[in-house]
Amino acid sequence: MFSEFLQYLFTGITIGATYALIALGFTLIYNASHVINFAQGEFLMIGGMATVSLIGLGFPLPVAMVGAILLAALMGIALQRFAIAPAKQADPVTLIIITIGAAIFIRGIAQLVWGRGYHSMPNFSGDVPVRIGGAVVNTQTFWVVGIAAVLVAGLVFFFTKTMIGKAILATSMNKVAARLVGIKTDMVLMLAFLLSAVLGSIAGIIVAPITFTSYDIGIMLGLKGFVAAALGGLGSGMGAIVGGLTLGIVEAMTAGYISSDYKDAAAFGVIILVLFFMPRGLMGARVVERV
Amino acid sequence: MSKKLLRRGGLLAATLAAGIFSGAQAADPIKIGSFLSVTGPASFLGDPELKTLRMYVDKINEEGGVLGRPLELVHYDDEGNASNARNYASRLVRADRVDIIVGGSTTGATMAAVPLIEQSRTPFISLAGAVVITDPVKPWVFKTPQSDRLAAERVMQDMQERGITKIGLISGTGGFGRSGREQTQQVAEAMGIQILEDVTYSPSDTDMTAQLTRIRNNQDIEAVFNFGFGQSPAIVTRNFAQLGIDRPFYQSHGVASNSFLDLAGSAAEGLRLPASPILVPDSLADDDPQKTIVQAYVDAYEARWNESVSTFGGYAYDGLMLAVAAIEEAGSTDREAVRQALENIQGHVGVTGIFNMSPNDHNGLAADSFRILEVVDGGWKLIE
């Protein structure tokens, strides 16, 4: 019985850590601009697909990964420069719609370049799973959870200890005031897109050995990541992590103990409950309306 | 003056009419209509199907056509969308007035077009899998792929030969997996096989460890059967290997393709599935009636399109050849005559199997048209 529970728990943590990383990407851009970037899933897809195709060209895995992350970073900057920046006077809703359009565009290009098939990627460290208390854990799980933890720690450090991180936070709180104290808010926004593209592509690379990757994988994972971000409270880094893990574990437990038919229903049920009683999410900021 | 004009006009009309008439007798093409999912999510079905139709329509025309008339392929791309399929089917029967339709890549597209086609009384050979297309029998509707029911039968025959009576079933919640699950349950009951665990996954799931854990922890289960489609069965296969479930593993014909082997990798080693002989043209016995046809199709397709052949293109090959055989048998394109000829085709050797149609069976294939293949050293091996 306990081994079953452990198995479901590990499954949930693996997928939950991925959701958390995607949610963090949403959070970053939301914090800097109040835009929900629906192209976040596409960064994830670029990460996985570019890595697979670079490996196919004969590059070793680490080089391929770095190449894919660079490509995603470029796309993040391009998205901000060519799609978001020209419409900077528009309100967030318009910008959100622009990101949806950008997502469809990126997906279309990816479909042309890489085709419609699914691609597999080798595990980072061998196919032999590890046994913990009767449960079987894929070695890739450790990579996913480990890398997610490192990234989260890095982000916390970045936002609390570095000038640039604080500048991003300041911009999100009050753009005009930030500009008055000498922060280049345009640069901050670009930086936010770059960071979240890097986060997304890393998430895409580390889950590709588990989920496979294809040109349209970003739709589903991106949506789940957004849900995780909303669950935890949009704009809260800690909330993104808690939301992602909660979502993953609820899904896995439902699939294991009840039926996978109800997996999504249970996950979304939890979200409805949380948002009903805590409209700002589990860890969302207190709403203070200044008059 | 006006009399002369009238006479001239009459003459002109007569010449025109004669021209049309004689033209119709000389080389009026036989119109083969088709709607396929060439782009969109089901393009892996429609793309090889269209390529196959094009290739063989050209070939037949080079060899002099059918009944001395050339074939003309009228094709539309439904993009995997059922309502498009319905619109194009309507255009085929109303505007293009085709003689026969070979198409419908997915069950959804096929079933959306069926009512219209039936109403227009046009013979229709579908290339989609689900059993609902020909069960109950619809007078004008035929199909070439084996039904999922036959796949379930074939798998369970193989299980019985290995002495397996208690199985775990895992299936996708998409159309293919859902229908397959129902058929498997019915066939299992009829064949005396018990399904001890019956779990499902959604086509967008990225991890099936939780479901498979339930199956693994039930010690009475002797074999596992997965009915699913797309990339999910490859994930199931990987999770199955990771969990170290040391029991026979079966997949359905839905993943009988080389791309499945690429995705699942070494985890697929040892699993079995029912498949069309197209995957193993070289392993067929020399006295196998399908051998020459399968080999000729595989060679011709790979030479012309420079890509590896798929089971789905084979469905289109069989559809076209059945249509041609029926028109030749009927001696005309009279629809009722073609329909009756189709219904009475016996012993037609195709790529997918040997077709024996009857008024009660518009698919005409038996379970043994599926070959059981086992994955050995990353390739397919035919199990006799």
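## Exercises on a predicted model

From the N terminus on, chain A of this predicted model follows the order α-α-α-α-β-β-α-α-α-α-α-α-α.

**Exercise 1.** Work out how many helices and how many strands chain A has.

*Solution.* Go through the order of elements, where each α is a helix and each β a strand. You should arrive at 11 helices and two strands in chain A.

**Exercise 2.** Find out what radius of gyration chain A has, and set it beside the value for a compact globule.

*Solution.* Start with the chain length, which is 291 residues. A compact globule with 291 residues would have a radius of gyration near 19 Å. Chain A has 19 Å, so the two values agree. For the outline, the C-alpha atoms of chain A fill a box of roughly 60 × 50 × 35 Å along the principal axes.

**Exercise 3.** Describe how much of chain A is buried and what supplies its exposed area.

*Solution.* First, take the cut-off: a buried residue has under 20% relative accessible area. By that cut-off, 49% of the 291 residues of chain A count as buried. Next, turn to the surface: chain A exposes about 13,200 Å², and carbon and sulfur atoms supply 74% of that area.

**Exercise 4.** Now move to chain B and trace how strand 6 is joined to strand 7.

*Solution.* Locate strand 6 of chain B at residues 166–172 and strand 7 of chain B at residues 194–201. The two strands run parallel, joined by seven bridges. Within this pairing, B:L169 stands opposite B:D198 of strand 7. Finally, check the cover: six of the seven residues in strand 6 of chain B are buried.

Notes: Residues numbered from 1 in each chain as written. Chains lettered and ligands numbered in written order. Predicted model: local features only at pLDDT ≥ 70, side-chain atom pairs only at ≥ 80, totals over all residues. Heavy atoms only, no water. Helix = DSSP H or I, 4+ residues; strand = E, 2+ residues; numbered from the N terminus. Rg over C-alpha atoms; globule rule 2.2 N^0.38 Å. Buried < 20%, exposed > 50% of the residue type's maximum accessible area, 1.4 Å probe, protein only. Areas by Shrake-Rupley, 256 points an atom, 1.4 Å probe, with all protein chains shown as cover. Pairing = 2+ DSSP bridges.
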